[in-house]
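Me: Could you take a close look at the nonpolar core of this chain for me? I'd like the cut-offs spelled out along the way.

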Amino acid sequence: LPRLYHENVIDHYNNPRNVGSFDKNDPNVGTGLVGAPACGDVMKLQIKIDEESGKIVDACFKTFGCGSAIASSSVATEWVKGKSMDEVLTIKNTEIAKHLSLPPVKLHCSMLAEDAIKAAVKDVELKRAKLEGNSSADAANAPIEKAADA
Ligand code: FES
């Protein structure tokens, strides 16, 4: 058989890291669900944030797609762990593609992983902003309640 794929692709395809799902309603979980128009493949990547530090403590994925997409999402979940959200936004699909030695026709597969990371970060940031909004609304209400009690 001709060796079409780099050993890193085969490895991540055969032993994908961090396959699974987190509860998408958890306020510290960000979910990125993205699709590739070119082929119809779909990738879901989730990150779990430490509430205090804002760092990514865990990540998982489910990918309905080709071997390169599965390998790309597996690599992405490994690379985001332990990093801040700002840091993971700098992860480029070209770095993933290089790590896996993806051929040019498979670049869009690694693009899915970059898009999924960005979407997951956006999701959890929105959730956190909403929560902060609520708690400051509570704080704003507090003096009024006090005033009413007095
Ligand atoms: Fe579309 Fe790989 S062929 S994600």
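Reply: Happy to; here is the core, with some context around it.

This is a predicted model, where local features need pLDDT of at least 70, side-chain atom pairs count only at pLDDT 80 or more, and totals for chains, interfaces and linings use all residues. Residues are numbered from 1 along each chain as its sequence is written, and side-chain values use heavy atoms, with hydrogens and water left out.

The chain has five helices and three strands, taken as DSSP runs (helices: H or I, at least four residues; strands: E, at least two) numbered from the N terminus. Their order from the N terminus is α-β-β-β-α-α-α-α. Of the 150 residues, 37% are buried, that is, under 20% relative accessible area with a 1.4 Å probe and protein chains only.

Now to the core itself. A nonpolar core here is a set of buried Ala, Val, Leu, Ile, Met, Phe, Trp, Tyr and Cys residues joined through side-chain atoms within 4.5 Å. The largest one has 30 residues, and Ile47 and Val80 have the most contacts inside it. Two or more residues each come from strand 2 (42-49), strand 3 (56-64), helix 2 (67-80), helix 3 (85-88), helix 4 (93-100) and helix 5 (107-149). Helix 5 gives the largest share, eight residues.

Zooming in on valine 80, and setting aside neighbours within four places in sequence, its contacts are Ile47, Ile56, Ala59, Val88, Ile91 and Ile117; contact means heavy atoms within 4.5 Å.

Methods. Buried < 20%, exposed > 50% of the residue type's maximum accessible area, 1.4 Å probe, protein only.
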